[in-house]
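Here's a quick tour for anyone meeting this protein for the first time. Have a look at the fold, then read on.

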Amino acid sequence: MKSPAFLIAVLGLAVGPAAAGQVDLPEIVSLSRTASTAAKLRTLELDFLGSREGRLFVAARPRDLARLEAEGIPFRFETPHLRSSAAGPGSPGGPIGAYHTGLHLERDLFDLSSKHPGLAKLVILGESLERRPIYGLKISDNVALEEDEAEVLILGCHHAREWISVEVPFLFAKFLLESYGTDPEVTRLVDQSEVWIVPLVNPDGHDYSVRVYRYWRKNRRDNGSGVYGVDLNRNYGYKWGVDNLGSSGEPSSEVFRGTAAFSEPETRAVRDLFLKRDFRAVVSYHSFSQVILYPWGHTTAPAPEEPLLRELALRMSELMRPVNGRTYAAGQGIAMLNYLTNGDTVDWTYATAGVPSYTVELPPIDQLGGGFFNAEKDIEGIFLENAPALLHLLQWAVDDFAARPPSLPFGLPDLLRPRLVIPRR
Ligand SMILES: [Zn+2]
């Protein structure tokens with residue numbers, strides 16, 4: 001039997017992240033990126049938020065600040081300035097204002113599917129670690145049937161604190177369903193495709209971000225020793241853990257990749273959906289940075305079909321700009337973000353099926369514009385500027401499907417379905 005003091009210490013650790021929310025809030029600091037600090041920074045496993053004018057912004061815990069000091073890397077506190085400009089949650093409308101909690105999302109997804117029974121089908125794709133359902137909404141004409149139509153996958157909220165990344169996929173689902181029958185373009189696209197929308201891949205982390213600690217990023221895997229969370233966008237199975245630059249093997253890291261590829265039920269839910277179907281395009285929403293990223297993330301080398309990936313991304317960006325005047329830069333991960341990622345969603349979907357796969361980092365462009373704290377009044381505008389890009393990608397998928405129908409019909413056992421290996425065009 002351990003002493004009470006020991007138990008208290010252990011319990012203290014066990015609720016570490018909760019306590020962390022009160023006593024261990026990160027500071028936002030900025031660093032200048034120089035040739036001499038770049039290599040050191042890569043080894044520090046910092047929680048990078050973005051960059052602006054040559055300065056990197058980091059959510060730094062006291063531990064990180066100590067490491068920066070020990071390495072002699074100068075930094076500047078940005079938190080007080082940012083607090084004044086960042087729009088926080090909590091205005092009337094719900095527990096987190098205009099944003100969905102997991103429960104509100106569940107209710108609204110049920111509402112959408114029951115209001116549009118011929119067009120929308122709500123499916124539980126899997127369960128999170130804490131047994132929350134991970135919902136997928138399938139949208140198509142004759143939704144109950146498996147038709148030979150182009151399939152597109154839209155994902156939101158791998159990262160808990162990126163609340164806006166729930167709203168854009170959800171609002172796109174609502175838009176498709178409410179415009180069907182009145183908007184000829186939407187009607188035609190819904191008739192010719194099957195759109196799968198998964199607005200909340202990480203319900204446990206999101207809930208934790210809502211209730212306990214707004215900056216929480218990972219899922220809620222108990223890694224032992226009071227350390228929680230796997231970065232779901234480093235847990236996919238292509239080039240998983242290929243190096244320690246694009247992810248971390250350290251459980252306390254914000255980019256901890258987990259103990260194996262697809263070790264987490266949340267990524268397995270996405271994987272299992274993806275492997276059962278014939279998706280022709282994928283978008284995974286994140287925030288923030290206001291960019292459209294395409295594979296590869298794990299290397300600086302270009303993807304096999306880089307020209308196609310780039311052309312589609314640039315077109316999407318062009319369609320987005322006129323809506324609110326915001327420019328989403330488009331490019332390969334490393335070129336846009338200055339860091340590598342391995343085990344991310346879109347590297348895996350691209351490697352598995354060879355289909356255009358995008359990470360869209362929603363606005364703002366940087367921490368100074370609000371970072372993760374988009375004002376509630378901006379939700380709709382951010383959705384509206386993303387809608388034309390999604391419709392374009394959907395049209396591209398419909399055309400691609402017409403040009404290259406599957407070689408085997410649906411309804412065959414999964415094992416007989418062709419798995420495509422890149423490059424396939
Ligand atoms: Zn993210």
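## Getting oriented

Two residues count as being in contact if their C-beta atoms, placed from the backbone, lie within 7 Å. With that in hand, take the contacts in the protein chain between residues at least 6 apart in sequence: 75% of them join residues at least 24 apart.

Keep in mind that this is a predicted model. The protein chain holds 14 helices and 12 strands, and of its 425 residues, 46% are buried.

## The eight-strand sheet

Let's turn to the sheet. Eight strands make up an open sheet with mixed pairing, in the order 5-6-8-7-9-12-10-11. Strand 5 (120-127) and strand 11 sit at the edges with a single partner strand each, so each has one side without a neighbour in the sheet. On average, neighbouring strands here are turned by 20° against each other, direction ignored.

A helix packs on this sheet too: helix 6 (residues 102-115) touches strand 5 and strand 6 (133-139). The direction of helix 6 makes about 145° with that of strand 5.

## Around strand 10

Strand 10 (residues 291-294) is worth a closer look. Val-291 and Leu-293 point one way from the strand, Ile-292 and Tyr-294 point the other way, and all are buried.

On one pairing, strand 10 meets strand 11 (residues 329-332) in the parallel sense over four bridges, with Val-291 opposite Ala-329. Helix 11 (residues 306-324) joins these two strands in a right-handed β-α-β unit. Strand 10 also runs antiparallel to strand 12 (residues 357-362), with three bridges between them, and Ile-292 stands opposite Val-360 there.

Strand 12 has another partner in strand 9 (residues 279-287): those two run parallel and share six bridges. One pair of bridge partners is Val-282 and Ser-357, the latter in strand 12.

## What's inside

In soluble globular proteins, nonpolar side chains tend to be buried together. Here the largest nonpolar core has 88 residues, and Val-152, Ile-154 and Leu-393 touch the most other members. Helix 14 (residues 379-403) gives the largest share of this core, 10 residues.

Which residues does Leu-393 contact, leaving aside its neighbours within four places in sequence? They are Val-152, Ala-281, Val-283, Leu-312 and Met-316. Apart from this core lies another one, of 10 residues, including Ile-28, Val-58, Ala-59 and Ala-60.

Note on methods: Residues are numbered from 1 along each chain as its sequence is written. This is a predicted model: local features need pLDDT of at least 70, side-chain atom pairs count only at pLDDT 80 or more; totals for chains, interfaces and linings use all residues. A residue is buried if 20 or more other C-beta atoms lie within 10 Å of its own, exposed if 12 or fewer, and partly exposed in between; C-beta atoms are placed from the backbone. Two strands pair if DSSP finds at least two bridges between them. A crossover is right-handed if, with the strands pointing away from the viewer, the path from the first strand over the helix to the second runs clockwise. Axes are lines fitted to C-alpha atoms, for helices over the stretch in contact, and angles run from 0 to 180 degrees between N-to-C directions. A nonpolar core is a set of buried Ala, Val, Leu, Ile, Met, Phe, Trp, Tyr and Cys residues joined through C-beta atoms within 7 Å.
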